[in-house]
Amino acid sequence: MRKALRAVCNVIDSVSTWAGKAVSWLLLALILALTYDTFMRYAFRQPTVWSFDVSYMLGGTIMLMGMAWVTTRREQVRVDILYSKYSPKVKLIVDAVLNVLLFFPVYVMLFSRAIPRTIFSFTNKEFSEVGFWRPLMWPYRTMMLVAILLWVLATVVWVVRDLYRLKTGEDL
């Protein structure tokens, strides 16, 4: 059982890490797109029609897909005023309880919104309504759904590892 659980957790960690590292290269595309638009706007007074849509889609992708990677590495922002004073066992309990009570309900809310929005985008060929370019939204909505799923899985692995350590005293 321990071996299988460890294998599943390691696969989820690997996928989250791979996705985070792969998506980090989109930052280069975002910088290039914004630099090109800024150059065209100020040098030739001809801004692009696509840069706004590309910037929020790439920025959202980088941020959301990176959340699973950050969660896998346990590097999210936390207030250490109290947490740093806790014993390792209390830290495990606090992490597990707060993940279950605070983050899982947020994930349920995100999924309950993301799934119908993604389906709507596919079935109705939804276009962006915020920029002039008006690209199809289903690729972005699908990425959001995948990113939330990876983030949830990374959090589940975190909680499973914490509970396993609390129960056995060993790392998973």
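**Group meeting: a look at Val-70 and its helical surroundings**

Okay, let's start with one residue: leaving aside anything up to four places away in sequence, Val-70 touches Glu-75 and Gln-76. Keep in mind that this is a predicted model.

So where does Val-70 sit? You'll find Val-70 in helix H3, which covers residues 51–73. And is Val-70 buried or exposed? Well, in between: its relative accessibility is 24%, and since buried means under 20% and exposed means over 50%, Val-70 counts as partly exposed. Here's another thing to look for on the screen: Trp-151 is 81 residues away from Val-70 in sequence, yet their C-alpha atoms are 8.9 Å apart in space.

Now let's zoom out. The protein has 6 helices and 0 strands, so if you read along the sequence you get α-α-α-α-α-α.

Let me pick one pair of helices. H5 runs over residues 88–124 and H6 over residues 138–168, and they pack with their axes 9 Å apart at an angle of about 160°. How do they point? Angles over 145 degrees count as roughly antiparallel, so that's what H5 and H6 are to each other. As for what lines their contact, by class there are 22 nonpolar, 5 polar and 6 charged residues. The crossing of H5 past H6 is left-handed.

Last, the overall shape. The C-alpha trace spans about 65 × 35 × 30 Å along its principal axes. The radius of gyration is 20 Å, while a compact globule of 172 residues would come out near 16 Å. Of those 172 residues, 34% are buried. And among contacts with a separation of 6 or more, 73% join residues 24 or more positions apart.

Methods:
Residues numbered from 1 in each chain as written. Predicted model: local features only at pLDDT ≥ 70, side-chain atom pairs only at ≥ 80, totals over all residues. Heavy atoms only, no water. Helix = DSSP H or I, 4+ residues; strand = E, 2+ residues; numbered from the N terminus. Buried < 20%, exposed > 50% of the residue type's maximum accessible area, 1.4 Å probe, protein only. Contact = heavy atoms within 4.5 Å. Axes fitted to C-alpha atoms, helices over the stretch in contact; angles between N-to-C directions. Parallel < 35°, antiparallel > 145°, perpendicular 65-115°, else oblique. Left-handed = near helix turned anticlockwise from the far one by under 90°. Nonpolar A, V, L, I, M, F, W, Y, C, P; charged D, E, K, R; others polar. Rg over C-alpha atoms; globule rule 2.2 N^0.38 Å.
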